[in-house]
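Me: I'd like to learn how to read a few features off a protein model. Could you walk me through one?

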Amino acid sequence: FKGGDTCEYLLSSGRFLGEKVWQPHSCMMHKYKNSEAKNCLVDKHVVFIGDSRIRQLFYSFIKLINPQVKEEGIKHGNIPFEDKSTSIKVDFLWYPEVNGSMRQRIKSWTEGSVAKPHIIVVGAATWSIKIHNGSNEALAQYKINITSIAPLLEKLAISSDVYWVLQDPVYEDMLSESRKMITNEKIDAYNEAAVRILNSSSRNSKAKVKVFSVSKLIAQETIMKSADGLHLPESSRDTNAMILMNVYCNKIMKPIDGSCCQPQPPLTLIQKIAFCFFTLSIIGYLIISLIHRNNYRKNKSCTDLESGEEKKPAISTPNVSTLEMLLQCFCKLGLIMTYFYLCDRANLFMKENKFYTHSSFFIPIVYILVLGVFYTENTKETKVLNREQTDEWKGWMQLVILIYHISGASTFLPVYMHIRVLVAAYLFQTGYGHFSYFWLKGDFGVYRVCQVLFRLNFLVVVLCIVMDRPYQFYYFVPLVTVWFVIIYTTLAVWPQIVQKKANGNCLWHFGLLLKLICLLTCIYFLSYSQGAFEKIFSFWPLSKCFELNGNVYEWWFRWKLDRYVVFHGMLFAFIYLALQKRQMISEGKGDPLFSSRVSNVLLFISIVSFLTYSIWASSCKNKTECNELHPSVSVVQILAFILIRNIPGYVRSVYSSFFAWFGKISLELFICQYHIWLAADTKGILVLIPGYPMFNVLVSTFIFVCVAHEISQITNDLAQIVVPKDNSTLLKRLLCIAGFFSGLHFFSAMQDQSRH
């Protein structure tokens with residue numbers, strides 16, 4: 001950490017990811033859309049002053065505002081542009097040399113009450129080299145002229161953003177005879193003079209002319225593609241224009257994936273309270289630990305001087321108290337949350353944009369699959385979707401999803417469609433697991449509900465407070481939470497139908513099927529009635545949980561995308577448990593699930609179905625159309641996988657402990673990746689060790705996995721304390737939790753009011 005402004009890095013350093021994606025050093029660059037550019041520059045006046053190279057930059061800049069603009073202006077003259085809808089004015093002023101005329105124009109903006117441009121972009125040198133045949137006298141005059149202009153630019157920089165564009169290198173072999181005197185050696189001399197004079201001028205001034213030197217780096221990589229050896233190819237000047245837009249607009253628009261030039265956000269009231277709470281927890285834990293250590297020292301064994309034997313203390317070391325355990329959990333959590341904040345809210349660590357290549361996604365996938373196979377062990381039980389198998393399933397799916405996120409593979413549609421199936425499979429397990437529990441156990445008590453809700457939501461609630469993000473931002477947890485409530489409500493409402501009751505009378509099975517049909521009808525209605533869905537979730541307090549950017553559209557989209565798969569999981573659990581009860585399937589160790597003939601037929605159909613879905617997903621051309629079909633067809637590949645994994649007896653009897661280990665902390669992995677593995681709320685990549693991408697990924701991954709595992713342990717420990725089995729104690733805790741959320745809502749309202 002150099003402590004410098006990320007704007008300096010954006011304007012001066014970076015590298016290409018691939019051929020066209022520019023990655024600034026240490027920060028992320030946002031790709032501005034036309035609407036965003038207009039919102040940022042509304043009522044602004046931008047001026048470009050210089051030669052034909054600056055004219056190129058001018059055209060690329062105004063195309064960010066209006067892509068329909070054509071380069072039809074006068075070559076050696078001024079070119080105006082205005083967007084009347086937003087009152088944006090962008091002018092190009094033809095001053096190919098740094099001379100008295102340019103000085104006079106700049107001086108006119110510093111005098112009297114003349115309206116000053118909000119952004120001024122200046123640069124010129126190649127004409128001076130060309131006209132004077134690269135003479136040393138021309139360079140000396142250039143230095144004199146810049147020296148006279150520099151104070152004027154500094155004066156303008158007090159109220160405007162002023163950028164001096166250094167000269168790009170040329171491709172000397174392609175230059176025409178009339179431009180042969182423009183050499184890279186001469187250009188370097190002119191650039192060196194400009195930088196030295198501008199830096200010395202600003203040394204004693206608060207205002208500073210920003211030197212736009214990054215264009216040189218971009219040109220070094222791309223000038224070979226130039227049409228004439230002098231002017232940059234279109235893609236390069238577009239990159240320069242986008243950099244300019246980021247420098248000026250990021251601090252105004254504050255895009256999530258544009259960390260360059262964004263100041264560190266101020267601490268909110270809730271964040272300050274959280275900081276105080278964690279600090280007090282750490283202090284409290286240290287005090288209790290010291291007291292216990294002193295007590296232990298007093299009671300520790302001492303040596304009998306006469307016999308030389310060690311006597312055991314009369315009093316044994318007491319068990320850890322509930323208060324100490326609570327403080328220990330909050331102490332560890334406080335340190336972990338500090339790391340979260342430093343990674344993704346403080347400008348301490350670097351962030352980079354994602355860049356997808358097939359190798360960056362598929363090579364790690366092959367690597368983890370090979371690792372998973374090496375850790376194959378026998379399962380404790382051989383039932384379909386036993387605990388080890390579901391943990392394994394969650395584990396490898398989570399690892400694939402993590403690789404998908406860090407590699408930026410969402411831009412590749414076939415991969416995106418297969419990842420959508422993995423998310424659906426997780427929800428399928430939600431439906432399967434919770435239905436199976438309620439059907440077999442018949443436990444609809446408050447304790448069970450509170451335990452599940454606490455384990456699902458604890459980390460997300462803490463992150464909402466510490467990272468200042470809405471609940472819906474971590475969309476997967478709200479999704480799983482709502483589906484759990486739906487499953488519970490469906491099965492808990494009168495009449496409560498469980499396996500024990502249904503065994504006495506087969507009609508109860510039809511009653512349960514009727515409940516499931518009612519659920520399916522409600523899902524179908526809400527999926528095609530956006531208005532009704534939004535009305536339900538727009539009521540307070542649901543709106544506080546499910547709104548994102550002022551509306552619940554994002555929540556509706558996420559819910560709709562996998563709307564049927566939880567129902568499919570419940571239905572599969574019902575059919576499987578019914579077949580199991582009637583002993584129509586064989587789940588012995590090494591035995592096929594059905595008779596050999598039926599097993600072979602089902603296995604063949606499953607493999608064909610699995611491959612058919614993959615072929616369809618790989619041939620997708622449009623994400624919107626494929627997303628429309630996904631809710632209905634994703635279950636095909638999920639069921640195919642379950643049958644392939646469970647029909648052969650041997651395959652059902654083994655599992656990968658490597659994947660199962662990750663499966664046990666899959667939820668924590670999914671949530672933690674937002675801030676301490678990825679960066680800028682998943683839009684970029686966290687860089688702990690700059691310059692060494694592979695080593696950085698190894699280190700950040702190790703920390704990330706350890707943190708996720710620790711948070712899983714903390715959540716389990718706190719669940720035992722916060723959600724006790726005793727109903728009267730549980731009721732008191734629930735009242736405390738209600739008070740906590742009421743306080744949180746109060747402080748949130750105060751926070752929103754202060755922001756407005």
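Reply: We'll go through the disulfides, some other cysteines, one helix, the domains and the cavities. This is a predicted model, where local features need pLDDT of at least 70, side-chain atom pairs count only at pLDDT 80 or more, and totals for chains, interfaces and linings use all residues. Residues are numbered from 1 along each chain as its sequence is written, and side-chain values use heavy atoms, with hydrogens and water left out.

Me: Fine. How many disulfides does the structure hold?

Reply: General idea: a disulfide is a covalent bond between the sulfur atoms of two cysteines. Here the call is made on a pair of cysteine sulfur atoms within 2.5 Å. By that test the structure holds 4 disulfides. Counting bonded cysteines along the chain, the pattern is 1-6, 2-5, 3-4, 7-8.

Me: Which cysteine does C7 pair with?

Reply: C261, with an S to S distance of 1.9 Å. C7 sits in helix α1 (residues 6–12) and C261 in the loop between α9 (234–253) and α10 (269–299), so this disulfide ties together parts that are 254 residues apart in sequence. Helices here are DSSP runs of H or I with at least four residues, strands are runs of E with at least two, and both are numbered from the N terminus.

Me: Are C7 and C261 buried or exposed?

Reply: The scale is relative accessible area: buried is under 20%, exposed is over 50%, and partly exposed is in between, using a 1.4 Å probe and protein chains only. C7 comes out buried at 11%, and C261 is buried at 7%.

Me: What about C27, which residue is its partner?

Reply: C27 bonds to C260, the sulfur atoms being 1.9 Å apart. C27 is in the loop between β2 (21–24) and α2 (34–41), while C260 is in the loop between α9 and α10, so to speak a link across 233 residues. Both C27 and C260 are buried.

Me: And how do I read handedness, say for C27 and C260?

Reply: Look at the torsion about the S-S bond. For C27 and C260 that torsion is about 90 degrees, so the disulfide is right-handed. Now take C40 and C249, joined at an S to S distance of 2.0 Å. Their torsion is about -95 degrees, so that disulfide is left-handed. C40 lies in helix α2 and C249 in helix α9, 209 residues apart. C40 and C249 are both buried.

Me: Why is C522 not bonded to C518?

Reply: Distance. The closest cysteine sulfur to that of C522 belongs to C518, and at 6.9 Å it is too far for a bond. C522 is partly exposed, at 47%. C672 has a similar story: its closest cysteine sulfur, in C343, is 11 Å away, too far for a bond. C672 is buried, with a relative accessible area of 0%.

Me: Back to α2. Which of its residues are buried?

Reply: General idea: an α-helix has 3.6 residues a turn, so residues three or four places apart point the same way. In α2 the buried residues are A37, C40 and L41. Seen down the axis, they fall within an arc of 85 degrees (taken from the directions from the helix axis to the C-beta atoms), so they line one face of α2. Their cover includes α3 (52–65), β5 (88–94), β6 (119–123) and α9. After α2 comes D43, with a positive phi near 65 degrees.

Me: How is the chain divided into domains?

Reply: The bounds come from an automatic or database domain assignment. They give domain 1 (10–253), domain 2 (349–723) and domain 3 (727–755). The C-alpha centres of domain 1 and domain 3 lie 54 Å apart.

Me: What is S748 in contact with, leaving aside its neighbours within four places in sequence?

Reply: Contact means heavy atoms within 4.5 Å. On that basis S748 touches I270 and K544. S748 is in helix α29 (residues 727–755) and counts as buried at 17%.

Me: Last one: how many cavities of 30 Å³ or more are there?

Reply: General idea: rolling a probe the size of a water molecule over the atoms shows where empty space is left. A cavity is a set of points on a 1 Å grid, over the protein atoms alone, where a 1.4 Å probe fits but cannot get out; lining residues have an atom within 4 Å of a point. Points are joined across faces, edges and corners, and volume is the space filled by probe spheres set on them. The structure holds 4 such cavities, and the largest has a volume of about 150 Å³. Of its 16 lining residues, the closest to the centre are R53, I54, V165, D168 and S215. α3 gives the most to that lining, with 4 residues.

Methods. On a 1 Å grid over the protein atoms alone, a cavity is a set of points where a 1.4 Å probe fits but cannot get out, and a pocket is an open set with protein on both sides within 12 Å along at least five of seven lines; lining residues have an atom within 4 Å of a point.
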